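Subject: Handing over the structure

Dear colleague,

Here is the structure I promised to pass on, with the sequence alongside. Below it I have set out what was found, element by element, so that you can follow along in the viewer.

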Amino acid sequence: MLEIKNLHVKLEDEDKQILKGVDLKVEAGKVHAIMGPNGSGKSTLSYVLSGRDGYEVTEGSAELEGEDILELEPEERAAAGMFLAFQYPVEIPGVGNMTFLRTAVNAQRKARGEEELSASEFLKIIRAKAKTLKIDAEMLKRPVNVGFSGGEKKRNEILQMAMLEPKLCILDETDSGLDVDAMKLVAEGVNALRDEGRGFLVITHYQRLLDHIKPDVVHILANGRIVKTGGPELALEVENNGYAGILAEEA
Ligand code: ADP
Ligand code: MG
Ligand code: MG
């Protein structure tokens with residue numbers, strides 16, 4: 001699904017190297033978790049994959065189903081099936097949540113050569129998905145994320161993901177700032193999307209989200225590189241001993 005090879009990334013305006021040779025393969029049907037200390041480059045990786053400005057790839061490659069995605073515009077990457085749930089969801093005043101989602105869903109269907117959804121078809125689908133995430137009708141009418149609580153913003157990211165049905169879902173610290181109940185809702189929303197045709201990259205600072213979204217593979221990203229890869233037990237090791245042990249071992 002996703003294959004990253006020797007990815008090196010620096011800031012465009014500064015002489016600062018952030019990713020220093022990341023190798024990663026995410027297979028369809030699998031959930032890969034990326035953990036790592038603050039500042040190790042986790043968000044940068046998610047931004048570079050989704051096409052945010054300000055970063056320069058100096059070496060390496062990233063392919064989605066064999067297609068080089070680094071040359072594509074963000075919307076082309078989305079149409080190819082990539083989705084990023086932001087660590088810090090953005091408020092968009094003046095744009096209704098429902099309008100935003102309908103426009104995004106139909107733009108993507110169009111890019112894929114599928115027919116647009118009618119207003120009533122769209123309503124039926126979004127109401128059902130919003131209900132499972134406990135997002136009420138009023139939140140769908142408000143401007144995107146404006147005045148939403150931290151937990152509501154994160155659930156709204158998962159609603160976007162559920163509506164767009166991406167092939168590769170990247171979640172950047174979707175658990176941060178959530179209480180236990182909100183985290184369970186988010187995890188249920190993610191688990192409902194687990195499918196043999198879909199891959200997940202779940203970035204998280206803490207192990208607790210992984211109690212609810214069981215990963216197949218866990219990677220530790222530190223100082224711009226993946227320094228260790230293992231099974232779910234690796235997340236527990238981090239929970240119990242922090243990153244120090246792993247980093248010392250690596251050094
Ligand atoms: P993580 O998500 O693992 O906490 P980030 O990818 O956010 O790490 O950041 C990695 C490093 O790169 C940090 O030292 C951060 O300050 C720096 N960095 C990332 N993006 C920028 C930027 N746009 N401008 C300046 N520094 C940045
Ligand atoms: Mg951080
Ligand atoms: Mg981050």
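A good place to begin is K134, which lies in the loop between α4 and α5. Please keep in mind throughout that this is a predicted model. K134 is not a glycine, and yet its phi is positive, at about 55°. Its relative accessibility is 61%, and K134 therefore counts as exposed, since the cut-off for that word is over 50%. The residue comes just after α4, and that helix is the natural next stop.

**Helix α4**

Helix α4 runs over residues 119-132, and its 14 residues should span 20 Å at 1.5 Å a residue; the C-alpha atoms at its ends are 20 Å apart, so the expected and the computed values agree. Three of its residues, F122, I126 and A130, are buried. Why can these three be placed on the same side of α4? They cover an arc of only 55° around the axis, and this puts them on one side of the helix. As a general point, an α-helix has 3.6 residues a turn, so residues three or four places apart point the same way. On the other side of α4, the exposed residues are S120, K124, R127, K131 and T132. The cover over the buried residues of α4 includes α3 (97-111), α5 (137-141) and α6 (150-164).

**Helix α6**

One of those covering elements, α6, has 15 residues and reaches 22 Å from its first C-alpha to its last, which is close to the 21 Å expected at 1.5 Å a residue. This helix is mostly covered, with 13 of its 15 residues buried. After α6 comes E165, whose phi is positive, near 45°.

**The magnesium ion and S43**

Which residues coordinate the magnesium ion that is ligand 3? They are S43, through its OG atom, and Q87, through OE1, at 2.0 to 2.4 Å. This pair links distant parts of the chain, for S43 belongs to helix α1 (residues 42-50), while Q87 sits in the loop between β6 (82-85) and β7 (92-96), 44 residues apart. A second magnesium ion, ligand 2, is 3.2 Å from ligand 3.

Both coordinating residues fall under the 20% cut-off for buried: S43 counts as buried because its relative accessibility is 18%, and Q87 does so with a relative accessible area of 11%. The side chains of S43 and Q87 are also joined directly, by a polar contact of 2.8 Å. A further polar contact, of 2.6 Å, joins the side chain of S43 to that of D172. If residues up to four places away in sequence are not counted, S43 touches Q87 and D172.

**Around ligand 1**

S43 also appears among the residues around ligand 1, which are L11, K16, I18, P37, N38, G39, S40, G41, K42, S43, T44 and Y55. Several of these bring a backbone N or O atom towards an oxygen atom of ligand 1: for G39 the distance is 2.8 Å, for S40 it is 3.2 Å, and for G41 it is 3.1 Å.

T44, another residue in that list, is found in helix α1. Is T44 buried or exposed? At 9% relative accessibility, T44 counts as buried. Leaving aside its neighbours within four places in sequence, T44 is in contact with V9, I18, L19 and Y55.

**Two further places to look at**

N223 has its place in the loop between β11 (217-222) and β12 (225-230). N223 is not a glycine, but its phi is positive, at about 50°. With a relative accessible area of 55%, N223 is exposed.

E76, finally, lies in helix α2 (residues 74-79) and is partly exposed, with a relative accessible area of 40%. Between E76 and N191 there are 26 Å in space, C-alpha to C-alpha, and the two are 115 residues apart in sequence.

With kind regards

Note on methods: Residues numbered from 1 in each chain as written. Chains lettered and ligands numbered in written order. Predicted model: local features only at pLDDT ≥ 70, side-chain atom pairs only at ≥ 80, totals over all residues. Heavy atoms only, no water. Helix = DSSP H or I, 4+ residues; strand = E, 2+ residues; numbered from the N terminus. Expected span 1.5 Å × (residues − 1). Buried < 20%, exposed > 50% of the residue type's maximum accessible area, 1.4 Å probe, protein only. Arc of directions from axis to C-beta. Contact = heavy atoms within 4.5 Å. Donors = N, O, S within 2.8 Å, 3.2 Å for Na, K, Ca; no water. Near = heavy atom within 4 Å. Polar contact = N/O pair within 3.5 Å; in protein donor to acceptor, adjacent residues only side chain to side chain.
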